[in-house]
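Work through the exercises below with the sequence and the coordinates at hand, and try each task before reading its solution.

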Amino acid sequence: MKIKVKENLPVIVERHPYYESINKKLMEQVNSLSFHESDRYDLTNIRGSTYSFGDDDIGSTIKLIKDWIKELIAINIYRHPTLPLSNFEFWFARLNEEKGQLTWDHDHLLNSTLSAVYFVNTPKGSSPLVLTTTGRKIKAEEGKLVIFPASLRHKVPQNRCKNRITLACNIKFGSL
């Protein structure tokens with residue numbers, strides 16, 4: 001027997017108070033990178049271009065976002081000030097209007113405990129983040145951060161602008 005349920009999971013949506021200066025620095029970083037567009041559908045759900053990097057080479061601006069994410073998780077989800085968040089895997093994603101760029105419906109359950117999306121550049125026509133189980137759409141707005149359990153399915157519909165940029169991450173926990 002197969003049944004369908006709508007998860008009741010915690011999702012954090014916050015906007016950074018200094019997003020304008022943060023996003024300016026992030027866009028400078030984005031413009032200096034060589035993005036990769038994959039045609040390997042078995043490797044990524046993103047039908048656009050990406051740039052991935054490890055926790056060791058994130059730079060000071062992304063470290064600021066990382067620290068903010070840790071604080072929000074500790075306060076809003078786990079209410080534990082010293083929660084051992086051991087590994088953050090970050091990547092930039094760029095979607096353009098040509099070629100029907102989008103992100104397929106997926107989750108990150110096999111890779112992490114939590115996931116996050118931070119909106120860096122959202123020109124008019126930027127597609128929302130859609131939580132597919134409920135159909136809830138989260139508007140793409142610069143400086144907005146969305147943190148959610150890795151098991152929560154999500155997608156980005158076909159994008160209708162040039163240069164929609166997000167910073168995404170998967171978060172794993174260390175030993176308690």
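The exercises that follow concern a predicted model, and each is paired with a worked solution.

**Exercise 1.** Identify the residues with the most contacts inside the largest nonpolar core, and the elements that give two or more residues to this core.

*Solution.* Begin with the core itself, which has 30 residues, and in which Ile69, Phe92, Tyr118, Ile147 and Leu167 have the most contacts. Then assign the core to elements: α1 (19–31), α2 (59–78), β5 (85–95), β7 (114–121), β10 (144–149) and β12 (164–173) each give two or more residues. Of these, α2 gives the most, with 7 residues. Finally, take Ile69 and set aside its neighbours within four places in sequence: the contacts that remain are with Phe88, Ala116, Leu145, Ile147, Cys169 and Ile171. Apart from this core lies another, of 15 residues, including Leu129, Leu131, Phe148 and Leu152.

**Exercise 2.** Check the span of α2 against the value expected at 1.5 Å a residue, and list the buried residues of this helix.

*Solution.* With 20 residues at 1.5 Å a residue, α2 should span 28 Å, and because its end C-alpha atoms are 27 Å apart, the expected and modelled values agree. The buried residues of α2 are Thr61, Ile62, Ile65, Lys66, Trp68, Ile69, Leu72, Ile73, Ala74 and Ile77.

**Exercise 3.** Describe the largest pocket by its volume, by the residues closest to its centre and by the classes of residue in its lining.

*Solution.* The volume is about 650 Å³. The lining consists of 34 residues, of which Thr44, Asn45, Ile46, Trp91 and His108 are the closest to the centre. By class, 15 lining residues are nonpolar, 15 are polar and 4 are charged. At least two lining residues come from each of β4 (49–53), β5, β6 (102–106), β7, β11 (154–156) and β12.

**Exercise 4.** Decide whether Thr103 is buried or exposed, and whether Leu9 is buried, partly exposed or exposed; then give the contacts of Thr103 and of Leu9.

*Solution.* Thr103 is found in strand β6, and its relative accessibility is 10%, which is under the 20% limit, so this residue counts as buried. Beyond four places in sequence, Thr103 touches Asn45, Ile46, Leu95, Lys155 and Val156. Leu9, by contrast, is placed in the segment before β1 (12–15), and its 33% relative accessibility lies between 20% and 50%, so Leu9 counts as partly exposed. With residues up to four places away again left out, Leu9 touches Pro149, Ser151 and Leu152. Leu9 and Ser151 are 142 residues apart in sequence, yet their C-alpha atoms are 9.3 Å apart in space.

Note on methods
Residues numbered from 1 in each chain as written. Predicted model: local features only at pLDDT ≥ 70, side-chain atom pairs only at ≥ 80, totals over all residues. Heavy atoms only, no water. Core = buried A, V, L, I, M, F, W, Y, C linked by side-chain atoms within 4.5 Å. Buried < 20%, exposed > 50% of the residue type's maximum accessible area, 1.4 Å probe, protein only. Helix = DSSP H or I, 4+ residues; strand = E, 2+ residues; numbered from the N terminus. Contact = heavy atoms within 4.5 Å. 1 Å grid on protein atoms, 1.4 Å probe; cavity = no way out; pocket = protein on both sides within 12 Å on 5 of 7 lines; lining within 4 Å. Points joined across faces, edges and corners; volume = space filled by probe spheres on them. Nonpolar A, V, L, I, M, F, W, Y, C, P; charged D, E, K, R; others polar. Expected span 1.5 Å × (residues − 1).
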